[in-house]
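Visitor: I'm new to this one and would like to learn how to read it. Could you walk me through it, feature by feature?

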Amino acid sequence: MDFGAINPTVLAASLMVASTPILLAAIGELVVEKSGVLNLGVEGMMITGAIVGFAIAVETGSPALGFLTAMAGGAALSLIFGVLTQVLMSNQVATGLALTLFGLGFSALIGQGYVGVKPPALAKPDLGLLADIPVLGRVLFSHDLIVYLSLALVVAVWAFLRFTRAGLILRAVGENHDAAHALGYKVVRIRLAAIAFGGACAGLGGAYLSLMRVPQWTEGMTAGAGWIALAIVVFASWRAGRVLLGAYLFGGVAVLQLNLQAAGVAVPVELLSASPYLVTIIVLVIISADRGRAALNAPASLGRVFHASS
Amino acid sequence: MIRLEKRPQPSRAWTVATPLLAVALTMVAGGLMFALLGKDPVVAIRTIFWDPLFHEQFASYSRPQLLVKAGPLILIAIGLSLGFRAGIWNIGAEGQYIMGALAGAGVALALYPLDAWFLFPLMVVAGALGGWAWAMIPAILKTRFRTNEILVSLLLVYVAEQVLASMALGLMKNPEGGGFPGSRNLQHYPAAANTELIAGTGMHWGVAAAFIAVIAVYVLLTRHILGFQIRLAGQSPRAARFAGVNPNALVVICLGLSGALAGLAGLFEVAGPGGRINIGFNQGYGFTAIIVAFLGRLHPVGILLAGLLMALTYIGGELAQFMLGIPSAAIQAFQGMLLFFLLGVDVLSNYHIRLGRRRAA
């Protein structure tokens, strides 16, 4: 056993990278759930984004274009869910599952020719002096643009929900769609927009996984990341700031267990590999056991079918 | 302008017709997908849906496969349908399937080379208990702490896969396997093998169990108070509470039953067609069974038919891969598409489609 091989600075730096895909997917799903829609298809949209972004980046040589296509792909897939649940009023749980099952198959289909291919890397911005600060520079200022974009997105979503009129309307739709409808808000349109935003975020998160974090394509590579993103939204009690906390907590566990595996700790490898999922379950239990908090913050119309009677 | 008007009750005719419509639509969309892959869509659809049953060369091999694949799908889907009816979402059947297989195979491997009549029944009990115990985790967390059972049951699939890997590489590894991962082959262990009951049909104990489960659940839903409570809880949770239905008991019963049935499916698979515990032993039956349950309208007879159809797409998919070079992932996407269409056309059974704008009252 060699704990000396684990460098806390490197660990903290890779934590931010490991957390980014889940953070992106979770912040998107937060907006979707705030509008009163439960989309369980995050995993499917992530893996679709992962392969679409990967394929386009490889074909064009431009990772930026890959990320953009991944967002478009995730949003397009999410709109299938949107049309089914909002226009055809299907059950949200079942439709979300369908999205995940379809996404896993669809991505494996496209990804056939891309196994073992190395994608082009996204250039990292040079933050000059900031990156030269000892320890802190390595941890905070040595990353690629998407990491910073994900952090900016958290702040933007927080500000949008808290301070803007559009954010207020979105929350109203999520809390009571009948009342929002009576006030003249276009419930279905607002929800479709939220769903598309969530899909784009999940697609971007997936592409980050295949283009930056791993970086290569393997079938089923998201390995439950989308489900963990869903769990993080519950853990966060539907608050943007806590989504960040949850994603980084999860990223920390993921990175730590990988480092412990590499260091050859006397714990079964399988237990370490299962630890991110176990930690997620334990955290979910702790949050839901707190009777008042979790239930109070959930959008009141979450998962309910909206049918305008007039 | 198209308008939807809610039906007071789901239309019976459309409830039967929508799955057929969804299958037809999926064939069209799937044909389009195959055309995009550069294959002749008509040939592809015929290879998937017709040739496994009626092709003079392959049918004799693939017909028995129909029951082999449909058995676990029906067994799992029947269990899931109970919970889905009551609004209890167990989507971790894949994990319960793995744990059932591990528990059942574990009994056989621990007692190897005991040759006793009671070994196989013991394995069946262990398999059911394994799946049941794994499903009890989300059930207890749900009833005790109100933790979301969807997320917990799904996350436990990944944990179960790690347990499977650990067992295949460690405790259950074949000591005579020359260092390769994987357990002894249970099919070469007569007292533990789940053999074909009628030669050449693919009928094994798991298929028999699936048929029994179909009948039992049909009786439960139509004749037993528990079945009534399950249906009531799904249709109106509030009315169910007034009627004295204990929601926690329903969660424990529905998750427990579906877990036990998924565990049984895993046990019959590992003792029969699968043969050994190994990494990747689970082939996604637990997830496909979700599609089967919905395609069968959560009705036992429907699930029986849907399971057979889904098994057909598996076998036809293999055949299409072999004959036309259609990747197996295309079949997975095809199955996902089927669920999309099914959920989409469901609007016809729950709503009237009206044309024109309604005048103000």
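**Where two helices cross**

Guide: Let's start with a pair of helices from the two chains, keeping in mind that this is a predicted model. The axes of helix 11 of chain A and helix 7 (residues 149–169) of chain B come within 10 Å, crossing at roughly 145°. The crossing of these two helices is left-handed.

Visitor: Which residues of helix 11 of chain A and helix 7 of chain B meet there?

Guide: From helix 11 of chain A come A:Trp227, A:Leu230 and A:Ala231, and they meet B:Leu151, B:Leu154 and B:Leu155 of helix 7 of chain B. Sorted by class, the residues of this contact are six nonpolar, no polar and no charged.

Visitor: Now zoom out for me. How many residues of chain A are in contact with chain B?

Guide: A general idea to begin with: the size of an interface is often given as the accessible area lost when the parts come together. Here we count residues in contact instead: 39 residues of chain A touch 37 residues of chain B. On the chain A side, helix 3 (63–87), helix 4 (92–110), helix 11 (225–235) and helix 13 (269–289) each supply at least two residues. Helix 4 of chain A gives the most, with 12 residues. By class, that side of chain A has 28 nonpolar, 10 polar and one charged residues.

Visitor: What about the inside? Which residues have the most contacts within the largest nonpolar core?

Guide: The general idea is that in soluble globular proteins, nonpolar side chains tend to be buried together. In this model the largest nonpolar core has 219 residues, and those with the most contacts inside it are A:Ala26, A:Ile232, A:Val243 and B:Ile76. Helix 10 of chain A contributes the largest share of this core, 17 residues. Take A:Val243: beyond its neighbours within four places in sequence, its contacts include A:Leu23, A:Leu30, A:Val154 and A:Ala236. A:Ala26 and A:Ile232 are among the contacts of A:Val243 too.

Visitor: Can you show me a single helix? Which residues of helix 8 of chain A are buried?

Guide: Helix 8 covers residues 165–175 of chain A, and A:Leu170, A:Ala172, A:Val173 and A:Gly174 are buried in it. The buried residues of helix 8 pack against helix 1 (8–34), helix 9 (177–182) and helix 10 (187–213) of chain A.

Visitor: And over in chain B, why does B:Gly30 count as buried?

Guide: Count its neighbours: B:Gly30 has 25 C-beta neighbours inside 10 Å, so it counts as buried, the cut-off being 20 or more. B:Gly30 sits in helix 1 (residues 12–36) of chain B. Setting aside neighbours within four places in sequence, B:Gly30 is in contact with B:Ile45, B:Phe334 and B:Met337.

Visitor: Last one: how do I read the overall build of each chain?

Guide: Look at the elements, then at the radius of gyration. Chain A has 14 helices and zero strands. Its radius of gyration is 20 Å, close to the 19 Å that the globule rule gives for 310 residues, so chain A is as compact as a globular protein of that length. Buried residues make up 51% of chain A.

Visitor: How many helices and strands does chain B have?

Guide: Chain B has 15 helices and four strands. The radius of gyration of chain B is 22 Å, close to the 21 Å from the globule rule for 361 residues, so chain B is as compact as a globular protein of that length. Of the 361 residues in chain B, 53% are buried.

How values were computed:
Residues are numbered from 1 along each chain as its sequence is written. Chains are lettered from A and ligands numbered from 1 in the order in which they are written. This is a predicted model: local features need pLDDT of at least 70, side-chain atom pairs count only at pLDDT 80 or more; totals for chains, interfaces and linings use all residues. Two residues are in contact if their C-beta atoms, placed from the backbone, lie within 7 Å. Ala, Val, Leu, Ile, Met, Phe, Trp, Tyr, Cys and Pro count as nonpolar, Asp, Glu, Lys and Arg as charged, and the others, Gly among them, as polar. A residue is buried if 20 or more other C-beta atoms lie within 10 Å of its own, exposed if 12 or fewer, and partly exposed in between; C-beta atoms are placed from the backbone. A nonpolar core is a set of buried Ala, Val, Leu, Ile, Met, Phe, Trp, Tyr and Cys residues joined through C-beta atoms within 7 Å. Axes are lines fitted to C-alpha atoms, for helices over the stretch in contact, and angles run from 0 to 180 degrees between N-to-C directions. A crossing is left-handed if the near helix is turned anticlockwise from the far one by less than a right angle, and right-handed if clockwise. The radius of gyration is taken over C-alpha atoms; the globule rule is 2.2 Å times the number of residues to the power 0.38.
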